[in-house]
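Dear colleague,

I am handing over the structure that I have been reading, and below it you will find my notes, with each term explained where it comes up. Please look at the structure beside the text as you read.

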Amino acid sequence: MTPATLTSSMAVADPDWHSDWAWDHYKDVVAQLSRAFGLSRFCEIGGGRDPLFRPEEVAPLGIDYTVNDISARELEKAPKAFRTACFDIAGDLSAAGIAPAQYDLMFSRMVFEHVRDVERAWTNVHQLLAPGGVALAFFPTLYALPFVANHLMPEWLSGGIVKAFYANRGEATDDPKFPAVYDWCFSSERRLKPMLQRAGFSDIHIQPFWGHRYFLRLPVVRQIDDALNARAARNDIRALTSYAYVLVRK
């Protein structure tokens, strides 16, 4: 039975407030949306070299999987079993020759904070979705302290900090760092829903998450931050979220 709304679909997943849940269950949520709404033509926005699903996971499900990225270089590193589509999700789709209504489910992780015109991106997502199609974006939000700092720092400085603390991040790895602009990266329904409605969506669900793991090596700071995030979650203070899922349906 198809859920009445995206909100009722997410209620089935029973999400926790902490962002650990968002990271650990993102693939499950995408798969659940696919089953719940009967969606089989996937497009992962900004999937590049590291798509969410592996070919062996997709094949038994009968999914037509396309990996999108703005960079042809990134797509060269994608699994050869998947289709690829090189275009800017916030660009001119007609000029790029991208046909409308060709996907049932579009999703992204840690992509929309790098997009300079997020409203245009959501308008393009609406155009690319078939009727009844669903899109899901998972991104960091302002005004969590690590992301405010990343937003304000020059790229050379933030990149150096990430390289110093996270040896697995870098151009030569599967997790490079890209410049972030945080356009429309909020979890406030009051702020986001009017923009998403202008893009053409009416069924909208925003799932907030609090907390992060950026202070793991700073014990006292981590404990204070964890306590503040737990309190913000209890009081649903959206200005202090760290991440959000934004779900929309055409």
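Helix H1 and helix H2 (residues 19-37) pack at an angle of about 125°, and their axes lie 10 Å apart. That angle makes H1 oblique to H2, because angles under 35 degrees count as roughly parallel, over 145 as roughly antiparallel, 65 to 115 as roughly perpendicular and the rest as oblique. Axes here are lines fitted to C-alpha atoms, for helices over the stretch in contact, and angles run from 0 to 180 degrees between N-to-C directions. On the side of H1 the contact is made by Leu6, Ser9, Met10, Val12 and Ala13, and on the side of H2 by Trp21, Val29, Gln32, Leu33, Ala36 and Phe37, where contact means heavy atoms within 4.5 Å.

Before going further, please keep in mind that this is a predicted model, in which local features need pLDDT of at least 70 and side-chain atom pairs count only at pLDDT 80 or more, while totals for chains, interfaces and linings use all residues. Residues are numbered from 1 along each chain as its sequence is written, and side-chain values use heavy atoms, with hydrogens and water left out.

The protein has 10 helices and seven strands, these being DSSP runs numbered from the N terminus (helices H or I, at least four residues; strands E, at least two). An open sheet of seven strands follows the order E3-E2-E1-E4-E5-E7-E6, with mixed pairing, and two strands pair if DSSP finds at least two bridges between them. Strand E3 (83-86) and strand E6 (203-209) stand at the edges with a single partner strand each, so one side of each is left without a neighbour in the sheet. On average, neighbouring strands of this sheet are turned by 15° against each other, direction ignored. Helix H1 (residues 6-13) packs on the sheet, where it touches E5, E6 and strand E7 (243-249), and its direction makes about 35° with that of E6.

Among the pairings, strand E1 (residues 41-44) joins strand E2 (residues 64-69) in the parallel sense over four bridges, and E1 also pairs with E4 in the parallel sense, over three bridges. Glu44 has Val67 as its bridge partner in E2 and Phe107 as its bridge partner in E4. Strand E4 (residues 103-109) and strand E5 (residues 129-140) run parallel and are joined by six bridges, and the bridge partner of Tyr103 in E5 is Leu129.

Best wishes
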